[in-house]
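Here's a quick briefing to read with the model open in your viewer. Grab a coffee and keep the residue numbering switched on.

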Amino acid sequence: MGRELETGLGTVSISEEVVAALAAHALERCYGVTGLASRGLEGLAGVLGIGNPGRGVTVRLDEKHLAIEVAIVVGYGTRISEVAQNAREQIRYGVEQATGLKVDQVTVEVAGIRLDGQGRGARGRR
């Protein structure tokens, strides 16, 4: 399911997969986030080599509400509460800017920690 937006020129349909991909992309710019955590069958898809740009992101989109849940991995030594808050803000801003939809809720689950200092979060420290 997705959401259809009426414009003066016609209808625009935005799917949940597009919103998930936008949320995942927004997380790429977040300090302290080293990756997305797989959930259930997503982990199996990763083992099988099936790519999914929205991996670790769940979107509920209907006519009235847009809610996004993400499971992230953070770098060791980062302040987890600040990383989670930054992730929420980046996702909300990125999705709203790209789609024009109002994001009602962003839930961030910190599902893991990267201990080796490798990854985007460690390189991206400011």
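What follows is a short tour by topic, from the overall fold to salt bridges and long-range pairs.

Keep in mind that this is a predicted model. The chain runs to 126 residues, and 36% of them count as buried. You'll find 4 helices and 6 strands in it.

**Overall layout**

- Walking along the sequence, you get the order β-β-α-β-α-β-β-α-β-α.
- Strand 1 covers residues 2-7, and helix 1 takes in residues 16-27.
- Further on, strand 5 spans 66-75 and helix 3 spans 80-99, with a loop between them.

**How helix 1 and helix 3 pack**

- These two helices pack against each other with their axes 8 Å apart, at an angle of about 130 degrees.
- That angle falls short of the over-145 range for roughly antiparallel and lies outside the 65 to 115 range for roughly perpendicular, so helix 1 and helix 3 count as oblique to each other.
- As for handedness, helix 1 goes past helix 3 in a right-handed crossing.

**The nonpolar patch**

- Five residues, namely Tyr76, Ile80, Val110, Ile113 and Leu115, make a nonpolar patch on the surface of about 490 Å².
- Tyr76 sits in the loop that links strand 5 to helix 3.
- Is Tyr76 buried or exposed? Its relative accessibility is 55%, and exposed means over 50%, so Tyr76 counts as exposed.

**Salt bridges**

- Side chains carrying opposite charges can pair when their charged atoms come close.
- How many salt bridges does the model have? The count is 3.
- Glu69 and Arg60 are one such pair, with their side chains meeting at 2.6 Å, N to O.
- Both partners there are partly exposed: Glu69 because its relative accessibility is 22%, and Arg60 because its relative accessible area is 43%.
- Another pair is Arg79 and Glu82, whose closest N and O atoms lie 3.3 Å apart.
- Arg79 has a relative accessible area of 56%, so this residue is exposed.
- Lys102 and Asp104 also join up in a salt bridge, at 3.7 Å from N to O.
- In that pair, Lys102 is exposed because its relative accessible area is 55%, whereas Asp104, with 35%, is partly exposed.

**Pairs far apart in sequence**

- Ala21 belongs to helix 1. With 27% relative accessibility, Ala21 counts as partly exposed.
- In sequence, Ala21 and Val95 are separated by 74 residues, yet their C-alpha atoms are 9.4 Å apart in space.
- Arg3 is found in strand 1.
- Why does Arg3 count as buried? Its relative accessibility is 10%, and the limit for buried is under 20%, so Arg3 makes the cut.
- Arg3 also has a distant sequence partner to look up: His65 is 62 residues away along the chain, while the C-alpha to C-alpha distance is 9.8 Å.

Technical notes. Residues numbered from 1 in each chain as written. Predicted model: local features only at pLDDT ≥ 70, side-chain atom pairs only at ≥ 80, totals over all residues. Heavy atoms only, no water. Patch = residues over 30% accessible without salt bridge, like charges linked within 9 Å, V, L, I, M, F, W, Y side chains within 5 Å. Areas by Shrake-Rupley, 256 points an atom, 1.4 Å probe, with all protein chains shown as cover. Salt bridge = Lys/Arg side-chain N within 4 Å of Asp/Glu carboxyl O. Buried < 20%, exposed > 50% of the residue type's maximum accessible area, 1.4 Å probe, protein only. Axes fitted to C-alpha atoms, helices over the stretch in contact; angles between N-to-C directions. Parallel < 35°, antiparallel > 145°, perpendicular 65-115°, else oblique. Left-handed = near helix turned anticlockwise from the far one by under 90°.
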